[in-house]
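Work through the following exercises with the structure in view, trying each task before reading its solution.

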Amino acid sequence: MLSKIRQSLDDRANQHVGLLAEFSDPGALVHAVEGLREKGYSELDTFTPFPIHGMDRAMGLGVSKLGFMVFGGAILGGLLGAFLQWYTSASPRLGFLWTELQSYAINISNKPLFAWESSVPVIFELTILFSALTAVGGMLALNGLPKPYNPLFNSERFGRATDDAFFVHVSGRDGTFSRETTASDLFDLGAMAVEFVDHEGVTQVTGPEAAPAALPAPAVPQHTTGDI
């Protein structure tokens, strides 16, 4: 059991082994992600100090599953709230299931033992409770959390992702990934810096050498009529 848990944690950590590139601003990051997608990369992730409008579309992300999960949790909570109230007050004695809970059938002014109108508060509360719990649990599950170890933490530059820096990470598990080619693609798309991140640490990737500066044009001598 422990070995399976350890293997699962290792697999989740390995997905972050790859190239980490920093870009100057949100627009440059969105442009880079779109360019990477056009080149065939799919194992991408971005890290920014704040949400960027249009990033989910640039990354090719579909509709989040979380909304459907929360809706399912809400339906389950509402049905459970209605069932518990019906079972404890109006259900026939089954003789084998929670019989001790079926002792609260109280006849008040000959009103029905169960009515949906009076059951709304409990149904509402359980609907909200199950929705909230499903939202939190679903968010953690879909994001692969908790994640106590991440190779990206080895990068000092990555610490600015919550401050003023914008990063894209290309996973080494991507079928199109090649350390040299992918780094070149990132620099072509405007990356300010690129690092290769793995479990051993961080290796700085140098960009293409800058073209030599053009020599200044020779000065043209100025002549005046007095020199002739």
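Helices (H or I, at least four residues) and strands (E, at least two) are DSSP runs, numbered from the N terminus. The model is predicted, so that local features need pLDDT of at least 70 and side-chain atom pairs count only at pLDDT 80 or more, while totals for chains, interfaces and linings use all residues. Residues are numbered from 1 along each chain as its sequence is written, and side-chain values use heavy atoms, with hydrogens and water left out.

**Exercise 1.** Locate Thr 182 and decide whether Thr 182 is buried or exposed.

Solution. Begin with the secondary structure, where Thr 182 is found in helix α6, residues 179-188. Next, take the relative accessible area, which is 0% for Thr 182; buried means under 20%, exposed over 50% and partly exposed in between, with a 1.4 Å probe and protein chains only. Thr 182 is therefore buried.

**Exercise 2.** Classify the ring pair of Phe 47 and Phe 158, and place both residues along the chain.

Solution. Rings of Phe, Tyr and Trp (its six-membered ring) pair if their centres lie within 6.5 Å, and planes under 30 degrees apart count as stacked, over 60 as edge-to-face and the rest as tilted. A search of the whole structure gives 4 aromatic pairs. For Phe 47 and Phe 158, the centres are 5.0 Å apart and the planes stand at 85 degrees, so the pair is edge-to-face. This pair links distant parts of the chain, 111 residues apart, with Phe 47 in strand β2 (residues 44-47) and Phe 158 in the loop between α5 (116-142) and β3 (166-171). Both Phe 47 and Phe 158 are buried.
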